Amino acid sequence: MSGQARKINYFARNFVDVRTELFNFVKQYYPDLFSDFNDASVGTMLLELNAAVGDMLSFHTDRMFQETQIDYAQEKKSILSIARTLGLKIPGQRPSVTMVDFAVTVPPFGDTWDQRYAPIIRYGAQATGGGQVFETMDDIDFSSPFNTGGIPNRLIIPNFDANGTLINYTIVKRELVINGVTKIFKKVIGPEDSVPFLEVVLSDQDVLSIESIITKSGVNLTTTPTLDEFVDFNNRWWEMDSLAEDKVFIEDTARANDSDNTGVKMGKWVETTRRFYKEFTDNGYCKITFGSGNADQDMLSQFASNNFTQQIGDIINNTALGEIPKANTTMYVRYRVGGGSQSNIGANVLNGLGSNITNVTGPNVTTNNQVRNSLRVNNPIPAFGGAGSPSVEQIRQMTKYNFAAQNRAVTIKDYYINIQKMPGKFGIPFRVGVSEDQNKIEVFVLGLDSAGKLSNASTNALKQNISSWLADYRMINDYVLISDGRIINLGLEVDLFVDKSFNQGEIINNTIQKIREYFDVNKWDMGESIYLGQLIETINSVGGVINIPDIRVFNNVGGVYSLNEIDQPYLDPTTRQIDLTDNYALLGEFKTMFEIKYPEKDIKIRVKSTT
């Protein structure tokens, strides 16, 4: 049998099949050497050991292949590896968010409050309560009626004594706060650390975000950097979605005076090689990866001109994936920890003040201290959104549907989403409308004034920032035009039949309140149509209202109102009563938004009583 070809069945993969194949193999090719296949024999034991080894090898081969497939992978590290390959950044724990009222007491000055004592609270100010800490993400400037996104958020409340004499003012700024505590990680960069793709792993497992990374010359530094140093462009490293990205959107200080809104900063794209990439390991730690190139070209300057130095530098230095942190420097990582479902707390819980830097620069030092010490906080709404790290199944689904949403603007929805991603300090449009006409992308924006009314008065800086922001995302053959949205101001006349047993004044006030709530601009998007049938149902819910014989809607134009007119026809061109006969609706366009600007005079109720 020595000359006979040996044949093996490679389809046997589990223990039973491999054992059977081994027995058949021995019986066929070695019948003279071994014939005792009793379970107690030594030969059977050896054959079964081989079958067990084959079974284990098959199992691990299948598992290794399974862990490379997004639909079947079970281990978190495998899912994370696939997600990174497909360009998805997996978040860690997620923090809850809420709104907090920051209130200070300021002395009067003439017939108003003294703005000289308006404080500035630096970003990172803490509000505490319920065992949780929340921090602000931006500076709070009480002298401005807007937040850093250009949204009105200031309330001025006069305070009187028992005799009716004005004593001071309470100034309230409502700001967004995020759960978490800021920490600073320090690392000395020695020659052994100045290597391509340096990795730094933070020691906390509940890292929410990297706020800033800076490097300073020297290795024996003992003083913690100031907030200003952490935002200094010359010191700072920038977080990117990938190390291949080379631009960051920053404040354009040279155009600081061009903004028409005190809460909106002018922005621009700048190239930088000082960049890093953040990701989370499979056991929950945050890992920071830096670049791979050497950006130090100083030694070339003594041999060549600046232009020639740059040309040589482009050849010998590879900073396409960012630069390497220089040796003999100290790195400071400012990051935040916290989050999780336990950070979701109720309203009116955040009443304590944590660490904060409140600057008051009025002419009187004593008054400055009084204003600073008067700072109080409270959250009028619950904190929500806190959650733990994504599960394996959540990561699987995020990965499967992420690849199509690449970092570019192709569809109208892409443009809309990318506008919303612009950093808040460069302006937040209250509402955005986007349309496309033969490669011309039309973007319409609306803002709010200090009274919370729709406005186009201070959107020039915002439009310029949106234009600069989209320049890095738009398709090369797309032309983007950014314009003001159209505000359609309305007036309503409502006829009511009411129950005589009810107080007519209460019915009128309650009806006006229902109409105000229904037309609240915060509930509607640009371009939405408003159907009056839903409004009638709302008014019918008012106690004492029996019937609504008629609702008349007018387009208020000119004077204190917008100059824009609705495209629907008028029943009366003089009064501009809108014709609602077709579908009993105010038909919106992608660039328009409806508003009752002055509800106290633009809503008129006529009442007829009946028994």
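The following exchange concerns a predicted model and the terms used to describe its parts.

Me: Why is the pair of tryptophan 237 and phenylalanine 290 called edge-to-face?

Reply: Ring centres within 6.5 Å form a pair, and planes over 60 degrees apart count as edge-to-face. Tryptophan 237 and phenylalanine 290 stand 5.4 Å centre to centre, with 85° between the planes. Both values meet the cut-offs, and therefore the pair is edge-to-face. A search of the whole structure finds 17 aromatic pairs.

Me: What makes this a link between distant parts of the chain?

Reply: Tryptophan 237 belongs to strand E13 (residues 236–239), whereas phenylalanine 290 belongs to strand E17 (residues 286–290). The two residues are 53 residues apart. Tryptophan 237 and phenylalanine 290 are also buried.

Me: Why is the pair of tyrosine 518 and phenylalanine 519 edge-to-face?

Reply: The ring centres of tyrosine 518 and phenylalanine 519 are 5.6 Å apart and the planes meet at 75°, so the pair is edge-to-face. Tyrosine 518 and phenylalanine 519 are both buried.

Me: Which residues do ring pairs link into a cluster?

Reply: The cluster consists of Phe249, Trp269, Phe426, Trp469 and Tyr473.

Me: How do you know that a charge sits over the ring of tyrosine 598?

Reply: For lysine, the NZ atom must be within 6 Å of the ring centre and within 35 degrees of the ring normal. The charged end of lysine 601 is 5.2 Å from the centre of the tyrosine 598 ring and sits over that ring. Elsewhere, arginine 431 lies over the face of phenylalanine 430, 4.2 Å from the ring centre.

Me: Which residues touch the most other members of the largest nonpolar core?

Reply: This core has 38 residues, and those touching the most other members are Leu490, Ile515, Phe519 and Leu586. Among the elements that give two or more residues to the core are strand E26 (486–499), helix H10 (504–518) and strand E28 (545–556). The largest share, 7 residues, comes from E26.

Me: Why is phenylalanine 197 called partly exposed?

Reply: Buried means under 20% relative accessible area and exposed means over 50%. The relative accessible area of phenylalanine 197 is 38%, so phenylalanine 197 is partly exposed. This residue is found in the loop between strand E10 (181–189) and strand E11 (199–201). Its phi is near 55°, a positive value in a residue other than glycine.

Me: What makes a positive phi worth a remark?

Reply: Most residues other than glycine have a negative phi. Asparagine 328 also has a positive value, with phi near 60°. Asparagine 328 lies in the loop between helix H5 (306–316) and strand E18 (329–337).

Me: Is asparagine 328 buried, exposed or partly exposed?

Reply: The value for asparagine 328 is 49%, so this residue is partly exposed, as the cut-off for exposed is over 50%.

Me: How many cavities of 30 Å³ or more does the structure hold, and what lines the second largest?

Reply: There are 2 such cavities. About 50 Å³ of space lies in the second largest cavity. Its lining includes Leu80, Arg84, Tyr277 and Phe280. Helix H3 (76–85) and strand E16 (275–280) each give two or more residues to this lining, and E16 gives the most, with 4 residues. By class, the lining has 5 nonpolar, no polar and 4 charged residues.

Me: Which residues lie nearest the centre of the second largest pocket?

Reply: Of the 19 residues lining this pocket, Gly452, Lys453, Asp520, Val521 and Asn522 lie nearest its centre. The pocket holds about 490 Å³ of space, and its lining has 12 nonpolar, 2 polar and 5 charged residues.

Technical notes: Residues numbered from 1 in each chain as written. Predicted model: local features only at pLDDT ≥ 70, side-chain atom pairs only at ≥ 80, totals over all residues. Heavy atoms only, no water. 1 Å grid on protein atoms, 1.4 Å probe; cavity = no way out; pocket = protein on both sides within 12 Å on 5 of 7 lines; lining within 4 Å. Points joined across faces, edges and corners; volume = space filled by probe spheres on them. Nonpolar A, V, L, I, M, F, W, Y, C, P; charged D, E, K, R; others polar. Phe/Tyr/Trp six-rings, centres within 6.5 Å; stacked < 30°, edge-to-face > 60°. Buried < 20%, exposed > 50% of the residue type's maximum accessible area, 1.4 Å probe, protein only. Core = buried A, V, L, I, M, F, W, Y, C linked by side-chain atoms within 4.5 Å.
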